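Please take a moment to look over the sequence and the model before reading on. The paragraphs below are meant as a guided walk for someone who has not met this structure before.

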Amino acid sequence: METPTVIDGAAVVTMDRDRRELATGHVVAQGNKIVAVGEGPAPRYDGARVIDGRGCLVTPGFVNTHQHLYQWVTRGLAADATLFDWLTTLYPVWAGIDEDAVRVGAQAALARLARTGCTTAADHHYLFPREGGDLLGAEILAAQEVGLRFHPSRGSMDLSQKDGGLPPDSVVEDRDEILIATEAAIDRWHDPSPDSMLRLVIAPCSPFSVTDGLMREAAELARRKGVRMHTHLAETVDEGNWCQQTFGCTPLEYAADLGWTGTDVWFAHGIHFDDAEIKQLGQTGTGVAHCPSSNARLGAGIARVADLRAAGSPVGLGVDGAASNEAGSLVEEIRHALLFARARGGPQALDVRAALELATLDGARILGRENEIGSLEVGKLADLAVWRLDTLPHAGITDPVAALVLATPPPLDLLLVNGRPVVHQDTLVTLDEPTLATQVATTQQSLLTKAG
Ligand SMILES: [Zn+2]
């Protein structure tokens, strides 16, 4: 038997069906599963690793539903630009990425996610320069090194400037090559088993960088292979205007016509939807990855989170790529989601517990894993975070959920992923952060030099 980890004397927010919250309780993990959750002291487990949880809150591990890991090595550029200007500044820099750059960027971005409570990360990688090497393999290796549960995408772009798209020729691929590479990636890596640490996603980039033919064929491939589908949609007013001029319809009308709605689909951003479209998303069970920090950084607007939730559309959180959210901190997205929802819809628009639900259960639903992760229940996977709430920034706040969501990000005492410690006492235990910081700086400098 594997050594159990016993967390004792902590407040626990389970996010289970009854939304049970324990003022003083315990959580026990053994192997990769949760084996006990309850009030009061934990039962005795011989030889257990015991964590003193007094002063702490245990939550389910957070799920990140939208990110571009490689962007960690292209941060701080086009600092005051709109999405389209930001993209056209960054495409030439991104054209230089290779296996080494992607591995370092992914290690750093995933390390930051882990340090901010994330146990399951989805990534949207859509950029495969011809000389880049095995970029998907590089980020999968990085996720294994950091130790997170991982849902990477074989993304794509096949619509360049010469065909009316936004990206330059140097960063797009041929449609047939994309579909062959995508199917090969699924066959090589996708693990559909219930405890899976690695599931693939099919993710063409966006309406203005992908042809309608690729969108349609990508959807057919995803459904034939039983994997989920993801793309950027309705992020900016510019994108809406581009769709009207190019296709004579809204981004959602365009996507829906190509087979891109359903419980196996989630869109990044989903800001500019009207009432009828929100109803359609709810009725079809199509999800949205809400990225409040990135949306504010690029001045894109803010998603109608309360309306989407009311309509029945699952809304998860995403830090988005670090080139448009330099913080890359998942726990901060919870607070930003709450603040922006209330700035938009008033003080009742999103309560603190609903905000936590975005990062946990709803994120799990979006990835199709609500039966395995997203709540602390016996039999579920041992993905959890232990937050320290008894230091100056949080001391005295009697509701631990309010402390976590409304105050500054707390110290992370422990992060377990699949039962294994990835963060302990606010330190990543799997990789050396100072070494990684040096590699990030060197990699970003060489990419900028390459781009001239
Ligand atoms: Zn994005």
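What follows describes a predicted model, beginning at a metal site and moving on to strands, cores and a loop.

A good place to start is the zinc ion, whose protein donors are the NE2 atoms of His66, His68 and His232 together with an OD atom of Asp320, all lying 2.1 to 2.5 Å from the metal. Along the sequence these donor residues follow the spacing H-x1-H-x163-H-x87-D. Within this set, His68 and His232 link distant parts of the chain, since they stand 164 residues apart, His68 in the loop between β6 (62-64) and α1 (83-94) and His232 in strand β10 (residues 228-233). Both histidines are covered by the protein: His68 is buried, with a relative accessible area of 3%, and His232 is buried as well, with a value of 8%. Why is the arrangement of the four donor atoms irregular? The angles that they subtend around the zinc ion run from 87 to 177°, and a tetrahedral arrangement would need all angles to lie between 85 and 135 degrees.

Strand β10, which carries His232, leads the reader into a group of parallel strands. It pairs with β11 in the parallel sense over five bridges, and within that pairing Met229 has Val265 as its bridge partner in β11. Strand β11 (residues 265-269) is itself mostly covered, with five of its five residues buried. A further parallel pairing, over three bridges, joins β11 to strand β12 (residues 287-290), where Ala289 is the bridge partner of Ala268. Between these two strands the chain passes through helix α8 (residues 275-284), and β11, α8 and β12 make a right-handed β-α-β unit.

Antiparallel pairing appears around strand β14 (residues 384-388). All five of its residues are buried, so the strand is largely enclosed by the rest of the structure. In a regular strand the side chains alternate between the two faces of the sheet. In β14, Leu384, Val386 and Arg388 point one way, while Ala385 and Trp387 point the other way. Strand β5 (residues 56-60) pairs with β14 in the antiparallel sense over five bridges, and Pro60 has Leu384 as its bridge partner. Strand β15 (residues 412-417) also pairs with β14 in the antiparallel sense, here over four bridges, with Ala385 standing opposite Leu415.

The nonpolar interior can be considered next. The largest nonpolar core has 126 residues, of which Trp94, Leu110, Leu148 and Trp260 touch the most other members. Helix α2 (residues 99-115) supplies the largest share of this core, namely 10 residues. Apart from this core lies another, of 17 residues, which includes Ile51, Leu376, Leu384 and Leu414. Returning to Trp94, and leaving aside its neighbours within four places in sequence, one finds this residue in contact with Tyr70, Gln71, Thr74, Trp86, Leu87, Tyr126, Leu127, Pro129 and Ala323.

The last stop is Thr211, which lies in the loop between β9 (201-204) and α5 (212-225). Is Thr211 buried or exposed? Its relative accessible area is 18%, and because buried means under 20%, Thr211 counts as buried. With neighbours within four places in sequence left aside, Thr211 is in contact with Asp158, Leu159, Arg175 and Tyr254.

Key. Residues numbered from 1 in each chain as written. Predicted model: local features only at pLDDT ≥ 70, side-chain atom pairs only at ≥ 80, totals over all residues. Heavy atoms only, no water. Donors = N, O, S within 2.8 Å, 3.2 Å for Na, K, Ca; no water. Tetrahedral: all angles 85-135°; square planar, octahedral: opposite > 155°, others 65-115°. Buried < 20%, exposed > 50% of the residue type's maximum accessible area, 1.4 Å probe, protein only. Pairing = 2+ DSSP bridges. Core = buried A, V, L, I, M, F, W, Y, C linked by side-chain atoms within 4.5 Å. Contact = heavy atoms within 4.5 Å. Right-handed = clockwise from strand over helix to strand, strands pointing away.
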